[in-house]
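Visitor: I am new to this structure. Could you show it to me and take some questions?

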Amino acid sequence: MSETLLAARGLGRSFSVRRPQGRPGTVWAVRDVSLEIRRGETLGLVGESGCGKSTLGRLLALLVPSTCGELEIAGRSVVGLSRRRLKPLRRCVQMVFQDPVSALNPRHPVAAILTEPLRNYGIGTRSERLERAAALLEAVGLSGTDLRRYPHELSGGQRQRVALARALILDPGLVVADEPVSALDVSIRRQILDLLTDLKERFGLTYLFIGHDLAVVRQIADRVAVMYLGRIVELAPRDRLFASPAHPYTRALLEAVPRLGTGKRSIGRALPGDPASALDPPPGCPFHPRCRFASAICRSIRPEPYSADGIHWVACHHADALQ
Amino acid sequence: MTAGAPLALALRRFGRQRLAVGALIVLAVLILLAAAAPLVEAALGVDATAVDLSARMRPPSAEHWLGTDELGRDVLVRLLYGARVSLFVGLTAAVAATVIGTVVGLTSGYLGGRADAVLMRFTDSVLALPALPLLIVLAAVDLDKVLPAPLAGSELTGLLRIVLIVALLGWTTVARLVRSASLALVRQDFVLAAAGAGAGALGIMFRHVLPNLLSPIVVAVTLSIGQVILLESVLSFLGLGIQPPMASWGNMLTNAQEIVWEAPRLAVLPGLFIFVTVIAFNVLGDGLQDAFDPRAE
Amino acid sequence: MTRFLLARLAQSVVVLLVISYLSYVLMGLMPGDPIDLLVGADPAVSAADVERLRALQGLDRPIHERYWSWLTAALGGELGHSRLYSTPVLDAVGAALANTALLLLPALAVSVAIALPLGVLAAYRAGTAVDRLVNVLAFVGISLPQFWLGLLLILVFAVVLGWLPAGGIAREGAPAAEHVRYLVLPAATLMLGTVGGYVRYVRAAMIEALRQDYIRSARARGARPARVIWVHALRNALTPFVTILGLDLGLLFSGALVTETVFAWPGMGRLIFEAVIGNDYNLALVALLIATGLILLGNLLADLCHGWLDPRIRAGAAP
């Protein structure tokens, strides 16, 4: 088994919100998540919108502090570190966002966008930084002359390439890509996905690839984690998961895919009903109100993630019976 | 800056708005005239403050192009000196109000949560004050009771006091504007990306948030200059602002009501200057707003 | 809703207390306190007399103590006498409020009656010559100094044409027409001073409303354009406009100060001005507080109207 790059144990993140009646409440966007990301792999993370996958991505990229749990990056614990101690670790994980418009500061030319991270870390002289920026631009398929352009002069695909170059400029081990192609035209998606694969090989990267489009995740991921209402309900190697899904939720998602054709529609439509509100999660298994296999135990006791072989993890009381 | 820079784009869009460009020209001429006030005074051989009761309310002539006022002073030169006062007070008070408003709004929008709630509650309360009556109370305060004598009497103190009073009540609009704009900005991914790329909180505020607020702030300053000039003229008109013998457009109108029967010119001219200046700033601000508006693209 | 009202009330009380304290302190910084005035009137008063008088009136005590005794007296209904008007303070304020209302309500009514159709027209024809013309006129209205506008109106209608009185108010018991004659010029000044802002406001709100999806779909469903504008869009545009109107109504009760002063209209703004200039502290304090209270009331009314006009907020009460 390869080396562990990132490990989370019992990671959680809550937000305080105002309920409709005006009383304050707490929402757990991510709750009790344990996972490992191994050096060199691509871990896919799928789930309906609002399931907490973006928040989990931001937690792992150290952009949002966790409320509870443990998080280690390259063997070092990051929980409770001061801003100053955190800064060198932040370099190791960089993020690519879904919306290429809001991801780039419209006031800055590409050169400033790409060199700012180097400046923040005091790397190189001005001209060295520009050189590196130009080199990375070429690596993502743009040219050095694009350094002088502003985001609004670039197409969506070009912007996403710039965002990728910015993520890579600090030489991170791990890149968290939060639905990097879902805001792009279908014709561009292929190119960006190929670029991601290409960059992974050239720079020896590890990806956490977040998506709601199963077809896309299937193309790129080595292992896939499925998230529901802030928790990971199933985690398995890609082929295993797609061939023999163990969790009823995963099965529902997969059954929906062929009917969706291009996979353009969000997977949320594939299931009857809406996910329960994160504000008032149901007791027992969070999925039971929508689950056709739900029994008495599902309504009262929450299933813990369990694995028979240490490879395929699932949190369901009836997983064995279903498989 | 390349041709593609957002600023250059905005400038090009601004150039297409004839009305706003016209306002800019009017203001440029006015600023030049105000700057040249002492020169005009010397060239015409008149004195802006010298009282000459034998030459009261003279009609326009070769010596006094716009005639004289009720104390025999040259109206044109006093109008030009009044322009200095109005522009100085307008500019400094608008900038001061904008600085206060930007600090409050940015802090509120960036920090969010409890700090935001407290600051906005405070801003709302200031908005619920009877501004004009309070301005009058503040302007009527006897500086001798607050400041040491040499300071209390000086002309500059008189000017700065008006600036301070107006700024003290005028920052709220900017604060709300900057807050809502920065709230929207802070949610943008590039702010998060900057944090992930090692930028500190201050760096994010000054490199990423503030520059993107520049256009609403510039618009706010421009629009509030007009409001400030109006307020200053009101206070001076009521005898609580700029004190004679220093000329201001407002205090030139103080006595106009009594002599409107004899010399309507004295009631019309200073007001016309106020009106033209204020409308020019308002049109300019509106034009800038359109030029900066991304939806105009 | 009750929660909201209570929170608003608490905030209002805090604002009023802060303002009363600030005003009290500021009044003390005005030129000439009552003793100074007394000394000025009678040169025979000695320094010892002054000390005795100060102690007698409590002026030698620290400011917060004096404020506290003023506040307790005021809460007990003891608001004092006006020096200028020689009446209980509340009588003077009451008369001024009535006069301001008489001036304000017709002025605002006409202002709104002009601003609504003009703003809607400009929004519907956004970008055309009509829109630009309305916009320029609105800017003219916003940029006119009200006291100067008043002077010009006096110059034209009172001095040159001699049609209307230059200022003041009709004697009590005079025929209604006489009251109207005195009212026309100051009301017109106020109207012209507010209408420009309202036009721009209605225009902006209407443009925003016309952009909404449901307006487009109403159009697509074939609703008559007039109905789309006047029923669907205007209803939405009215909500923010009513908020502004509520705020303005409160603000103008004391903010019509300049117009009232130019036209010698014995209203609330002029009362505050005269009280401040004439060292009538009792009157100035109470009038300022009532002015603040009216603004807070206007805010509240605006919020209530807002909730009533906007069905989303009404529905929000019962999910």
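The questions below deal with two helices, one contact between chains, and a short helix.

Guide: This is a predicted model, in which local features need pLDDT of at least 70 and side-chain atom pairs count only at pLDDT 80 or more, while totals for chains, interfaces and linings use all residues. Residues are numbered from 1 along each chain as its sequence is written, and chains are lettered from A and ligands numbered from 1 in the order in which they are written.

Visitor: How do the axes of H5(C) and H10(C) run, roughly parallel or roughly antiparallel?

Guide: Helix H5 (residues 89-124) and helix H10 (residues 225-255) of chain C are DSSP runs of H or I, at least four residues, numbered from the N terminus. Their axes, lines fitted to C-alpha atoms over the stretch in contact, come within 11 Å and cross at roughly 150°. Angles run from 0 to 180 degrees between N-to-C directions, and those over 145 count as roughly antiparallel. Therefore H5(C) is, relative to H10(C), roughly antiparallel.

Visitor: Which element gives the largest share of the side of chain B that touches chain A?

Guide: Contact means C-beta atoms, placed from the backbone, within 7 Å, and 18 residues of chain B are in contact with 25 residues of chain A. Helix H10 (189-196) and helix H11 (201-237) of chain B each give two or more residues to that side. The largest share, 7 residues, comes from H10(B).

Visitor: Which residue just after H4(C) takes a positive phi?

Guide: Helix H4 of chain C covers residues 63-75. Just after H4(C), a positive phi of about 90° is taken by C:Gly77.

Definitions and conventions:
Parallel < 35°, antiparallel > 145°, perpendicular 65-115°, else oblique. Contact = placed C-beta atoms within 7 Å. Expected span 1.5 Å × (residues − 1).
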